[in-house]
Amino acid sequence: DALDAQVDEVRRSMGGRWGSSEVFDGVLAAWEQRIRSTVLPGQLSAGDSKAGDRAGLAAAGGEEPARAPDGIQEDALLLASLESKPVRDTILVLAATGLAAAVEGARQWLPPDPAHSIEPGDPAGSGNPAGSGEPGAPGELSAPADAGRLFRAILIGRSRTAPDWERMDRAYEAFTALVQRAAGEPAAALLTLLGWIEWARGRSS
């Protein structure tokens, strides 16, 4: 259908560059905008997510496909990005903490996509942070290694810091809306993200 065709076009325009620093940061910014602007049940309105998604596509360095109606272009960017494992994992931490902590933590832990790299935010960020344990709250990170430890602790469910539950609820609504329009690998990825949130809520094992 039209959305599947647009996802294919975004995929081609990105050329497998999801793991490059510029693309990675831009795509995560688009996800952040979508999550923050998602309306929760009972709320009357939310900000315009579409403008933020277009900005994310531009920041990611992709060739913007021809404009499509009904938000297809913006949804296509988000759906196509789910084919990247580093993006998928970082979206979970993004939902729980926020953009800055998620992106910085990803730079310390996640392997790059083939032929591209997520550049470390600091020379010490080698993907294998020294030490053990977990830092304080996301806003109190003292070093890239702390961001990496927090990222991993959240991802595997061992963080002592509670997630931002309103953000998690918004992410759940955003994923639910997208999965109704998705197919193939993006749909499977969204179901996995939804399952992770349910697991974080303690509703599954």
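Q: A polar contact is a pair of N or O atoms within 3.5 Å, where one can donate a hydrogen and the other can accept it. What makes the side chains of Gln108 and Glu104 such a pair?
A: This is a predicted model, and in it the two side chains come to 3.1 Å. The cut-off is 3.5 Å, so the pair counts as a polar contact.

Q: Where is Gln108, and why is it called buried?
A: Gln108 sits in helix H6. Its relative accessibility is 2%, and buried means under 20%, so the label fits.

Q: How do you know what kind of fold this is, in terms of helices and strands?
A: Just count the elements: there are nine helices and zero strands. Read from the N terminus, the order is α-α-α-α-α-α-α-α-α.

Q: What makes Arg181 and Asp75 a salt bridge?
A: Their closest N and O atoms are 2.5 Å apart. The limit for an Arg nitrogen and an Asp carboxyl oxygen is 4 Å, so the pair qualifies. Arg181 is in the loop between helix H8 (165-179) and helix H9 (184-200), while Asp75 belongs to helix H4 (residues 72-81), so the bridge ties together parts that are 106 residues apart in sequence.

Q: Buried, partly exposed or exposed: which word goes with Arg181, and which with Asp75?
A: Arg181 has a relative accessible area of 33%; that falls between the 20% and 50% cut-offs, so Arg181 is partly exposed. Asp75 comes in at 4%, which is under 20%, so Asp75 is buried.

Q: Why do Asp146 and Arg149 count as a salt bridge?
A: The N to O distance is 2.2 Å, and anything within 4 Å passes, so they count. Both are in helix H7 (residues 144-155), three residues apart, or about one turn of the helix. Both are buried, too.

Q: How do you know that Glu166 and Arg170 are paired?
A: Their closest N and O atoms are 3.0 Å apart, and the limit is 4 Å, so this is a salt bridge. The partners are four residues apart in helix H8, which puts about one helical turn between them. Glu166 is partly exposed at 44% relative accessibility, whereas Arg170 is buried at 12%.

Q: How many salt bridges turn up in the whole structure, and which residues are linked in a network of them?
A: The search finds 14. Asp8, Arg11 and Glu83 are linked in a network. As background, side chains of opposite charge can pair when their charged atoms come close.

Q: How do you know what span to expect for H8, and what does the model give?
A: At 1.5 Å a residue, its 15 residues should span 21 Å. The end C-alpha atoms are 21 Å apart, so the two agree. At the start of H8, a side-chain oxygen of Asp164 reaches to within 3.2 Å of the backbone nitrogen of Glu166.

Q: What covers the buried residues of H8?
A: The cover includes helix H2 (21-37), H4, helix H5 (85-96) and H9. Among the buried residues underneath are Met168, Tyr172, Phe175 and Leu178.

Q: What is the span of H9, set against the expected one?
A: H9 has 17 residues and reaches 25 Å from its first C-alpha to its last, close to the expected 24 Å. Its buried residues include Leu190, Leu193, Trp196 and Ile197. Just after H9, Gly202 takes a positive phi of about 85 degrees.

Q: Which residues have the most contacts inside the largest nonpolar core?
A: Trp18, Trp31, Leu79, Leu82, Ile91, Phe175 and Leu190 do, in a core of 46 residues. Helix H1 (2-14), H2, H4, H5, helix H6 (99-109), H7, H8 and H9 each supply at least two of its residues. Leu79 touches several residues beyond its sequence neighbours, including Leu3, Val7, Leu178 and Leu190. In general, nonpolar side chains in soluble globular proteins tend to be buried together.

Q: Why is Pro86 called buried?
A: Its relative accessibility is 4%, which is under 20%, so Pro86 is buried. Pro86 lies in helix H5, and its C-alpha is 7.3 Å from that of Gly19, 67 residues away along the chain.

Q: How much of the protein is buried, and how much area does it expose?
A: Buried residues make up 48% of the 205. The protein exposes about 9500 Å², with carbon and sulfur atoms supplying 51% of it.

Terms used:
Residues are numbered from 1 along each chain as its sequence is written. This is a predicted model: local features need pLDDT of at least 70, side-chain atom pairs count only at pLDDT 80 or more; totals for chains, interfaces and linings use all residues. Side-chain values use heavy atoms; hydrogens and water are left out. A salt bridge is a side-chain nitrogen of Lys or Arg within 4 Å of a carboxyl oxygen of Asp or Glu. Buried means under 20% relative accessible area, exposed over 50%, partly exposed in between (1.4 Å probe, protein chains only). The expected span of a helix is 1.5 Å times one less than its number of residues. Contact means heavy atoms within 4.5 Å. A nonpolar core is a set of buried Ala, Val, Leu, Ile, Met, Phe, Trp, Tyr and Cys residues joined through side-chain atoms within 4.5 Å. Accessible areas come from the Shrake-Rupley method with a 1.4 Å probe; for residues, only the protein chains shown count as cover. Lists of a residue's contacts leave out its neighbours within four places in sequence.
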